[in-house]
Amino acid sequence: MSTLLKSTSPSPLLPVTLLVIAMISIQGGASLAKLLFPLVGAPGITALRLGLGTLILFAIFKPWRMRLSPGNRLPLLVYGLALGSMNYLFYMSIRTVPLGIAVALEFTGPLAVSMLSSRRPIDFLWVTLAVLGLYFLLPLGENIGSIDVSGALFALGAGACWAVYIIAGQKAGSNNGHGTVALGSLVGALIFCPIGIMQSGLAIFSPSLLPLALAVAVLSSALPYSLEMVALTRLPTRTFGTLMSIEPAMAALSGMIFLNEHLTLTQWLALAAIISASMGATMTIKPKPNIQDVDTKPRHQHVKK
């Protein structure tokens, strides 16, 4: 497939299309996961997605062939813990917060990593836009009471875990290659699958739930991860990161179509501010040597979004 894509895709149209499909798949998977919350709850869906996603990623990357040195183990453990925590906190968030808003709040994690790598004056414009977006999304005043406080905090916590995931993933991935995501997913599954089973009980093992849970794992992990990898190798880093910045809008549209979640004009403008900040940071910020290619990490390289 890779050879065919190289020979028939001289223009960026195909990789851009694949990236858009990946984002649609991710947010469709998140919407399906939210629809399943009444059956087993957010912790149960987290456990199912991490467990099934790990099996899929193991089949794809065969990480048992990798050799881990003692110095690689700590970054890999941190990466896996961040990956699992990010999944758990994100699903806890969208129980009470619209999908588009949760993704926008979560997006502040990688945006912060990107912004902290530069100190040019124009970067303060992106910081200002991001802060304005957060101000109008978070329940900080009497007129902004439609967003659940705990849900918003869960989303911001997921964003913080995403930032750690990026930094730890760079270290672990540089030593272990693409198989890192499979091993990290295993670490996350070993931690959060027992939590999901304890909180959801035997309902998590229902045979009728398995096909839907598998669909969540495929839509949120295997399919978009593969498409993003193809797109990443055929698009400039800056273009890839800029396109990924529209994901909060994709999430909001997915919430409208599948979950009947409608945002106010103020919330749409807040999303636009955060998206603009992310795009601007991607296009103008020049990273320091110790933090490279922040935006090249596919949004759902983890077993999630």
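Buried means under 20% relative accessible area, exposed over 50%, and partly exposed in between. The legends below use these terms for a predicted model.

**Figure 1. Overview of the predicted model, with 12 helices and zero strands.** Along the sequence the pattern reads α-α-α-α-α-α-α-α-α-α-α-α. Of the 305 residues in the protein, 55% are buried. The average pLDDT is 81, and 82% of the residues score at least 70. Two stretches have pLDDT under 50 throughout. Residues 1-10 are one of them, with seven contacts in the model beyond four places in sequence. Residues 289-304 are another, and for this stretch the model has 71 contacts beyond four places in sequence.

**Figure 2. Close-up of Lys62, in the loop between helix 2 and helix 3 (70-93).** Most residues other than glycine have a negative phi. Lys62 is not a glycine, yet its phi is positive, at about 50°. The relative accessibility of Lys62 is 29%, so this residue counts as partly exposed.

**Figure 3. Close-up of Asn260, in the loop between helix 11 and helix 12 (265-284).** Asn260 also has a positive phi, near 60°, in a residue other than glycine. Its relative accessibility is 59%, and Asn260 therefore counts as exposed.

**Figure 4. Packing of helix 2 against helix 8.** Two packed helices are described by the angle between their axes and the distance between the axes. For helix 2 and helix 8 the axes come within 7 Å and cross at roughly 150°. That makes helix 2 roughly antiparallel to helix 8. The crossing of helix 2 past helix 8 is left-handed. On the side of helix 2, the contact is made by Val40, Pro43, Gly44, Thr46, Ala47, Leu50, Gly51, Gly53, Thr54, Leu57, Phe58 and Phe61. Helix 8 contributes Val181, Ala182, Leu183, Ser185, Leu186, Gly188, Ala189, Phe192, Cys193, Gly196, Gln199 and Ser200. By type, the residues of this contact between helix 2 and helix 8 are 14 nonpolar, 10 polar and no charged.

**Figure 5. Surroundings of Ala47 in helix 2 (residues 13-61).** Ala47 has 4% relative accessibility and therefore counts as buried. Leaving aside neighbours within four places in sequence, Ala47 is in contact with Phe192, Cys193, Gly196 and Ile204. Among these, Phe192, Cys193 and Gly196 belong to the part of helix 8 in contact with helix 2. Ala47 and Tyr88 are 41 residues apart in sequence, and their C-alpha atoms are 8.5 Å apart in space.

**Figure 6. Surroundings of Thr180 in helix 8 (residues 180-200).** Thr180 counts as buried because its relative accessibility is 4%. Not counting residues up to four places away in sequence, Thr180 touches Met66, Leu76, Tyr79, Ala172 and Gly173.

**Figure 7. Packing of helix 4 (residues 99-106) against helix 11 (residues 247-259).** The two axes are 7 Å apart, and the packing angle is about 160°. Helix 4 and helix 11 are therefore roughly antiparallel to each other. Their crossing is right-handed. Leu99, Gly100, Val103 and Ala104 make the contact from helix 4, and Glu247, Pro248, Ala251, Ala252, Ser254 and Gly255 make it from helix 11. The residues of the contact between helix 4 and helix 11 comprise six nonpolar, three polar and one charged.

**Figure 8. Packing of helix 5 (residues 108-115) against helix 6 (residues 123-137).** The axes of helix 5 and helix 6 come within 11 Å of each other, crossing at roughly 160°. That makes helix 5 roughly antiparallel to helix 6. The crossing of helix 5 and helix 6 is left-handed. In the contact, helix 5 is represented by Thr108, Leu111 and Met115, and helix 6 by Trp126, Val127, Ala130 and Leu134. Six residues of the contact of helix 5 with helix 6 are nonpolar, one is polar and none is charged.

**Figure 9. Burial of helix 5.** Seven of the eight residues of helix 5 are buried, so this helix is largely enclosed by the rest of the structure. The buried residues are Thr108, Gly109, Pro110, Leu111, Val113, Ser114 and Met115. Among them, Thr108, Leu111 and Met115 take part in the contact with helix 6.

Key. Residues are numbered from 1 along each chain as its sequence is written. This is a predicted model: local features need pLDDT of at least 70, side-chain atom pairs count only at pLDDT 80 or more; totals for chains, interfaces and linings use all residues. Side-chain values use heavy atoms; hydrogens and water are left out. Axes are lines fitted to C-alpha atoms, for helices over the stretch in contact, and angles run from 0 to 180 degrees between N-to-C directions. Helices (H or I, at least four residues) and strands (E, at least two) are DSSP runs, numbered from the N terminus. Angles under 35 degrees count as roughly parallel, over 145 as roughly antiparallel, 65 to 115 as roughly perpendicular and the rest as oblique. A crossing is left-handed if the near helix is turned anticlockwise from the far one by less than a right angle, and right-handed if clockwise. Contact means heavy atoms within 4.5 Å. Ala, Val, Leu, Ile, Met, Phe, Trp, Tyr, Cys and Pro count as nonpolar, Asp, Glu, Lys and Arg as charged, and the others, Gly among them, as polar. Buried means under 20% relative accessible area, exposed over 50%, partly exposed in between (1.4 Å probe, protein chains only). pLDDT is the predictor's confidence in each residue, from 0 to 100.
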